[in-house]
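Visitor: I am new to this structure and would like to learn how to read it. Could you take me through a few features, one at a time?

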Amino acid sequence: MIASAAPTAEQRVFSVAELAFLIGMPIAWGVLLWFHPATDPDDIYGGLRDEVVTYQIVHVGTLVFIGLIGVALYRLVRDLPGRAARISRIAIPVFVVFYGAWETVIGLATGALVQHANDVPAEDRAAVSETIQSLQENLIVGEMSVTAVVGALAWLTATIAAAVAYRGVGAPVMATILLGLSLIVISHPPPIGPVGLLCFAGAVVVIARWRQNASPEYQREE
Amino acid sequence: MSTPSTLTASDDIEVPARRTFTPGEVAFMIAVPLLWAILLLFHPGGEADRMYDAVRNDVTPWLAVHLGTMIFIPLLAAAVWVLLRDVEGTAARVSRIALVPFALFYTIWEALQGIATGILVYNVNQLPAAERATGADLVQDFGMNILARDLGIIGSIGSVSFLVAMIAGAIAVRRHTDAPLAVPILLGIAGFLITAHPPPFGPTGLVLFVVAAILFVRSQAEPRIATPGVQPAAA
């Protein structure tokens, strides 16, 4: 294993509040995602009609957490030098916008439509169910759509580039591995999403300890 | 990266810092709102209480305008951020912070009200004629959803964030730079108009933002009239 180096003066120690946010936020999101109802891709309405409120709560929360995880990753890489860190910083807003937009349609719009289908007379439900199903298969914002792919690739790029950037400044290998593994958050339903978020929180702990154990010269500069 | 050129007064007269912009930054601040304004001119209109009827024959332009808008929302946030980047003070900080919820929530609202509605209308168009009334009800109910509708939760957070960003930005420009009074006024008006994005409001607001940006850039490039006792600080 390659030995880790001490952080430079630019890579400051996280404040307590910052650390609470960087660790607590992904854990809170992970807990929320445990309640994500399982869906049958071939029968979205059938799978969600009895769990639509839970589905909506999870996706409204997820929408907020997408923005927050973008902020968290940005705070991790904002003071890192080099091309990888720069790539990560550029990919973060792309992830937030595209993954957020995809999540909006697949999560919030689908939830609202399922709620509507529950309220219409039984004879109209087939037509509404068909429309809900078509939305999932849409090329622009559906389950496997342009928006989803761009958002997912942006997150993969942001996390891998962040992992490379941390390795480049001599952070422990474990930080690089955990940060890299957090790319699986892109598949957010449990168990994958919560595990990925736990990896993110773990990476923050390792990075924070590495930054804390800075050289005496660095401590004096602080 | 540009940095503000600072002047200090030897007799404690406070002289506002000046910004310098690269040609690329100026082009970005002008091109983004102008291109978005042109796109918004093609925004289909119609009755909010008959959404399916309003969109069913214009699904393609509806989707094209709203997909483009989804890209232009974060780009406009970036343009405002570039305009205010080195401006100091609490108002400028508030403005920069408010740009984040604007970019997130207004984009999300746009995805719901614009893209999801457009796709639903497209899907309802594919249904047998006998089922289309049910589909039209679905579109209307979705469009009036508390999350998705105009002045719904998500749209309101996005719009208020943008208003905060623009008004705080206007205050910051007024207090901490020597830009002409027209700049903060135009920024404030643009904020109100852009949040109501269909024409004529959205395009007008975006053009006002461009005018404000040009006036601000020009004011920062103009040489200062020499004032007794005021000297440029050493770099």
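Guide: Gladly! Let's begin with contacts: two residues are in contact if their C-beta atoms, placed from the backbone, lie within 7 Å. Keep in mind that this is a predicted model.

Visitor: Which residues is A:Val150 in contact with, leaving aside its neighbours within four places in sequence?

Guide: A:Val150 touches A:Val94 and A:Phe98 by that rule. A:Val150 itself belongs to helix 6 of chain A, which covers residues 146-168. Look also at A:Phe95: it is 55 residues from A:Val150 in sequence, yet their C-alpha atoms are 7.5 Å apart in space.

Visitor: Is A:Val150 buried or exposed?

Guide: Here we count C-beta neighbours, and a residue is buried if 20 or more lie within 10 Å, exposed if 12 or fewer. A:Val150 has 16 of them inside 10 Å, so it counts as partly exposed. In chain A, buried residues make up 45% of the 222 residues.

Visitor: What secondary structure does chain A have?

Guide: Chain A has nine helices and zero strands.

Visitor: Now chain B, please. How do helix 6 and helix 7 of chain B lie to each other?

Guide: For a pair of helices, compare their directions: angles over 145 degrees count as roughly antiparallel. Helix 6 (residues 153-176) and helix 7 (residues 182-195) of chain B pack at about 175°, with axes 8 Å apart. These two helices of chain B are therefore roughly antiparallel.

Visitor: What kinds of residues form the contact of helix 6 with helix 7 in chain B?

Guide: That contact comprises 13 nonpolar residues, five polar and one charged. Among them are B:Phe162 and B:Leu163 in helix 6 of chain B, and B:Leu187 and B:Phe192 in helix 7 of chain B.

Definitions and conventions
Residues are numbered from 1 along each chain as its sequence is written. Chains are lettered from A and ligands numbered from 1 in the order in which they are written. This is a predicted model: local features need pLDDT of at least 70, side-chain atom pairs count only at pLDDT 80 or more; totals for chains, interfaces and linings use all residues. Helices (H or I, at least four residues) and strands (E, at least two) are DSSP runs, numbered from the N terminus. Axes are lines fitted to C-alpha atoms, for helices over the stretch in contact, and angles run from 0 to 180 degrees between N-to-C directions. Angles under 35 degrees count as roughly parallel, over 145 as roughly antiparallel, 65 to 115 as roughly perpendicular and the rest as oblique. Ala, Val, Leu, Ile, Met, Phe, Trp, Tyr, Cys and Pro count as nonpolar, Asp, Glu, Lys and Arg as charged, and the others, Gly among them, as polar.
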